Amino acid sequence: MSMKKLTDTWDKVLSEYRYSKWNLCGPSEPVMPWISPSTPFCLARTLKNIGTTIHLEPGELLTSALESPGGEIPAEKYAHYDHLIYVRRGIIGQTATPTSGAGSKLHSLSITPAGRILGGGLDFYFCHPFRSTRYALTKSEILVCNKEVLKQILDNDDALQQTLQQYFELCYLSNSITLEAISSLGVTERIKLYLLSWAVYWGVLITDSNETQWVRIPLPLLREEFSRLISSSRASVDKTITTWKKEGILYTEAPYMYFQSSLVVDMMNWLCVFDEFRSTYRNNLTLEDIMPESSIA
């Protein structure tokens, strides 16, 4: 696949994300690695009301208000310049800024699809942002939201402020699960978990004429970015995907990928075991609990 093959149809499918079903302690579905929960509707609505729209082409760097011409700003002026970035369309990649003398090639460290706050916003309350380069993996639309304006709104809305804090905590949990997956799972399991992450937010269950259950998801990025995210080589990803295609348990029909639901059930179990027993909402849901069902005519 090349970037040109991620068509407008694929982009439209990806933009039709589902908002997380939010309860007192967060979303009802499992918190997934690589992709944080979609922003709660009430928070997304607020950001859309105060944000300034910026359009980005694939590969275009995002120059945020945090960056002055010299690349740095005094700490005491941080709050004046800082903004919160909400991704409204497309996918933004984030990578550590190369040090002097390092190669210039961008390596995707994390992704923020539509419906989420870029980078999780974990530096919103603290003056210690992660030095990174952010760029559009696909054609994207972002909203630049002034932090001070948002804080004024939050000061008068305790429920919204609590929701934002919960959301940031869940983003941190998502990052923690990502690190655990990369450090403890083999390549095959990481690929399964990555596909499951896409399924939680974009997947549809489909039962064919043979009563076999499939999951349909938008194609999960280009293979090169796919492999970088799961910390594997592209050759390993291609080999695994090719094997599954030969076994008849996975196939692609742009803009979608289809795989048998049985392929990722063990990763649902892994997520459940990863939870602590004191968790209020454990990851003991089934695929049927998480995504809508359909049928092949």
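**Strands, helices and salt bridges in a predicted model**

Good morning. At 10% relative accessibility, Glu 225 counts as buried, because the limit for a buried residue is under 20% relative accessible area. I begin with this residue since it introduces the topic of charged side chains. Please keep in mind throughout that the structure before you is a predicted model.

Which residue forms a salt bridge with Glu 225? The partner is Arg 228, and the closest N and O atoms of the two are 3.4 Å apart. Both residues belong to helix H7, which covers residues 223-229, and the three residues that separate them correspond to about one turn of the helix. Arg 228 also counts as buried, at 18% relative accessibility. The pair does not stand alone: salt bridges with shared partners join Glu 224, Glu 225 and Arg 228 into one network.

For those who are new to the subject, side chains of opposite charge can pair when their charged atoms come close. How many salt bridges does the structure hold? There are six. Among them is one between the side chains of Asp 11 and Arg 89, at 2.7 Å from N to O. This pair links distant parts of the chain, with Asp 11 in helix H1 (residues 8-15) and Arg 89 in strand E4, 78 residues apart. Is Asp 11 buried or exposed? Asp 11 is buried, with a relative accessible area of 8%, whereas Arg 89 is partly exposed at 29% relative accessibility.

Another salt bridge is formed by Arg 88 and Glu 141, whose closest N and O atoms lie 3.8 Å apart. Arg 88 is in strand E4 and Glu 141 is in strand E9, so this pair ties together parts that are 53 residues apart in sequence. Arg 88 has a relative accessible area of 35% and is partly exposed; Glu 141, with 14%, is buried.

Let us now turn to the sheet in which E4 and E9 take part. Four strands make up an open sheet, in the order E3-E9-E4-E7, and their pairing is antiparallel. Which strands form the edges? They are E3 (52-56) and E7 (116-117), each of which pairs on one side only. Strand E9, residues 140-146, runs antiparallel to E3, and five bridges join the two. Within this pairing, His 55 stands opposite Glu 141 in E9. Glu 141 is thus a residue to find on your screens, as it also forms the salt bridge with Arg 88. Across strands E4 (83-89) and E9 lies helix H4, residues 147-155, running at about 65 degrees to E9.

Next, consider two residues that touch each other. Thr 112 lies in strand E6, residues 110-113, and is buried, with a relative accessible area of 7%. Leaving out residues up to four places away in sequence, Thr 112 touches Val 87, Gly 90, Ile 91, Ile 92, Ile 117, Leu 118 and Gly 119. Gly 119, the last of that list, is found in the loop between E7 and strand E8 (132-136). Gly 119 is partly exposed, at 33% relative accessibility. With neighbours within four places in sequence set aside, Gly 119 is in contact with Gln 94 and Thr 112. From Gly 119 to Phe 168 the separation is 49 residues in sequence and 9.7 Å in space, C-alpha to C-alpha.

I move on to another group of strands. Strand E11, residues 213-218, is mostly covered, with five of its six residues buried. What are the pairing partners of E11? Strand E10 (residues 204-207) pairs with E11 in the antiparallel sense over four bridges, and Val 204 has Arg 216 as its bridge partner in E11. The hairpin of E10 and E11 has five residues between the strands, and there Glu 211 takes a positive phi near 65 degrees. Strand E13 (residues 256-260) is also antiparallel to E11, over five bridges; here Ile 217 is partnered by Met 257 in E13.

Finally, two helices deserve mention. Thr 240 is found in helix H8, residues 234-246, and is buried at 12% relative accessible area. Beyond residues up to four places away in sequence, Thr 240 touches Thr 188 and Ile 191. Asn 269, in helix H9 (residues 265-274), is partly exposed, with a relative accessible area of 46%. Asn 269 and Thr 286 are 17 residues apart in sequence, and their C-alpha atoms are 9.4 Å apart.

Thank you for your attention.

Methods: Residues are numbered from 1 along each chain as its sequence is written. This is a predicted model: local features need pLDDT of at least 70, side-chain atom pairs count only at pLDDT 80 or more; totals for chains, interfaces and linings use all residues. Side-chain values use heavy atoms; hydrogens and water are left out. Two strands pair if DSSP finds at least two bridges between them. Contact means heavy atoms within 4.5 Å. Axes are lines fitted to C-alpha atoms, for helices over the stretch in contact, and angles run from 0 to 180 degrees between N-to-C directions. Buried means under 20% relative accessible area, exposed over 50%, partly exposed in between (1.4 Å probe, protein chains only). A salt bridge is a side-chain nitrogen of Lys or Arg within 4 Å of a carboxyl oxygen of Asp or Glu.
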